[in-house]
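Me: I am new to protein structures, and I would like to learn by looking closely at a single part. Please pick one spot in the model below and walk me through it, then show me what surrounds it and what else is worth a look.

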Amino acid sequence: MELAKIEQLLEKYFEGETTIAEEIQLKQYFSTEQVAAHLEHYKPLFGYFSAEKEEQFTPTLSLKTKKQITVARIAFAASLVFLVGIITFINYSPNNQPQQTNAELGSFESPEEAFEETHKALALLSEKVNIGMESVKYINEYENSKNLIFKK
Amino acid sequence: MNQNEFIHLIAPFKDKVFRLAKRLLVSNEEAQDATQDILVKLWDKKNGLENYASVEAFAMTMTKNYCLDQLKSKRASNLKIVHTNFASNETRVDQKIEDQDSLNWVEKMINELPEQQKLIIQMRDIEQYEFEEIAKILDMNETAVRVNLSRARKTIREKMTKTHHYGIS
């Protein structure tokens, strides 16, 4: 293409008045080896435009949104908690509880038997308390010796 | 619309989205994240896409808005974007190193332009959109697009001539 036309196109180009076709012409001209010396410095510009168009989006696109995943997970976790809650509620509901505790503590049918057992338990308790009291008696000895030294 | 159809639909312009994002965000990684986000947003809207005359133009507008938002939030948190991707992804032949260097100059000059002009240069000179399409994507009138484009091209020319004559920018 003759130089005059290229110069004219360039002028139009910088005014923003070229069409796409004319711009392609310019790009083609500047991609050749025979660029006029005084236009040489425009070469990188058009070269850059062509080079940039080659760049591509390489990573594989994942269309699963993070949001959706979390919503699904939350729903799953919530239903799990709900299920566990229901199961525990059924197992430990007030209807079952008294029977279970009675069995565990051991209840007596006749009052005599109950009295006997209570008696035994209280006797055991007082026996243990007395053992404790005996060991506390030694403390009185300290009190005595203290009184010997520090006379009032 | 199933996944395959969607991927088929976005295939012609997903690279353009990526390049536009990269033009604004500069960093490769950020541009990839942005593209991913935009395409996922588009996928979420898949049922409404039939209402748009051009899904591509819609995607480009989304990209523009998304990236400008990103830049705004970055500036708000006082983070400056640094150029990290001057090195090309491909391994170039040694003899092209000098060419590559001058291409980097061009990239630097374009990156110094205001965002609006960057967008227009990207869409016109690299993606070769018609003025009408650019005007639609950017929600401007065609004359304004032309004026901005001319201004951007002239700025680049000025800087290039300077570099060419004095070797400085």
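**A loop residue and its surroundings**

Reply: Let's start at B:D139, which is found in the loop between helix 7 and helix 8 of chain B. Keep in mind that this is a predicted model. What is the sign of phi at B:D139? Phi is positive there, about 60°, although B:D139 is not a glycine. Is B:D139 buried or exposed? B:D139 is exposed, because its relative accessible area is 69%, and a residue counts as exposed when that value is over 50%.

Now step back along the chain. B:D139 follows helix 7 of chain B, a helix that covers residues 131-138. Which residues of this helix are buried? They are B:F131, B:I134, B:A135, B:I137 and B:L138. These buried residues lie on the same side of helix 7 of chain B, because they span an arc of only 165° around the axis. A general rule helps you picture this: an α-helix has 3.6 residues a turn, so residues three or four places apart point the same way. Turn to the face away from the buried side, and you meet the exposed residues B:E132 and B:K136.

For a useful comparison, look at B:V26. Here too phi is positive, near 70°, in a residue other than glycine. B:V26 belongs to the loop between helix 2 (14-25) and helix 3 (28-44) of chain B. Its surroundings can be read from its accessibility: B:V26 is buried, because its relative accessible area is 13%, and buried means under 20%. So you have B:V26, which is buried, and B:D139, which is exposed.

Let's now cross the loop from B:D139 to the helix on its other side. Helix 8 of chain B takes in residues 142-166, and B:R153 is part of it. Which residue does the side chain of B:R153 meet in a salt bridge? The partner is B:D125, with 2.7 Å from N to O. B:D125 lies in helix 6 of chain B, so the pair ties together parts that are 28 residues apart in sequence. Are these two charged residues buried or exposed? B:D125 is buried, with a relative accessible area of 1%, and B:R153 counts as buried at 1% as well.

This pair belongs to a network of salt bridges that links A:E23, B:R124, B:D125 and B:R153. Within it, A:E23 makes a salt bridge with B:R124, and their closest N and O atoms are 3.1 Å apart. That pair crosses between chains: A:E23 is in helix 2 (residues 20-31) of chain A, and B:R124 is in helix 6 (residues 115-126) of chain B. Both A:E23 and B:R124 are buried. Over all chains, the whole structure holds 12 salt bridges.

The network has brought us to chain A, so let's look around there. Chain A has 6 helices and 0 strands, which reads along the sequence as α-α-α-α-α-α. Of its 152 residues, 20% are buried.

Helix 6 of chain A, residues 111-149, gives you another salt bridge to inspect, between the side chains of A:E143 and A:K146 (3.9 Å, N to O). How many residues apart are A:E143 and A:K146? They are 3 residues apart in helix 6 of chain A, so about one helical turn separates them. A:E143 is partly exposed at 38% relative accessibility, and A:K146 is partly exposed at 40%.

The surface of chain A also has patches to find. One is a patch of negative charge, where A:E109, A:E112, A:E113 and A:E116 gather. Among them, A:E113 lies in helix 6 of chain A and is partly exposed, with a relative accessible area of 44%. Another patch is nonpolar: A:F82, A:I86, A:F89 and A:I90 make up about 460 Å² of surface. A:F82 sits in helix 4 (residues 66-91) of chain A and counts as exposed because its relative accessible area is 59%.

To finish, return to where we began. B:D139 comes right after helix 7 of chain B, with its positive phi near 60°, and it lies in the loop that leads on to helix 8 of chain B.

Notes:
Residues numbered from 1 in each chain as written. Chains lettered and ligands numbered in written order. Predicted model: local features only at pLDDT ≥ 70, side-chain atom pairs only at ≥ 80, totals over all residues. Heavy atoms only, no water. Patch = residues over 30% accessible without salt bridge, like charges linked within 9 Å, V, L, I, M, F, W, Y side chains within 5 Å. Areas by Shrake-Rupley, 256 points an atom, 1.4 Å probe, with all protein chains shown as cover. Salt bridge = Lys/Arg side-chain N within 4 Å of Asp/Glu carboxyl O. Lys, Arg positive; Asp, Glu negative; His and termini not counted. Charge placed at Lys NZ, Arg CZ, Asp CG, Glu CD. Helix = DSSP H or I, 4+ residues; strand = E, 2+ residues; numbered from the N terminus. Buried < 20%, exposed > 50% of the residue type's maximum accessible area, 1.4 Å probe, protein only. Arc of directions from axis to C-beta.
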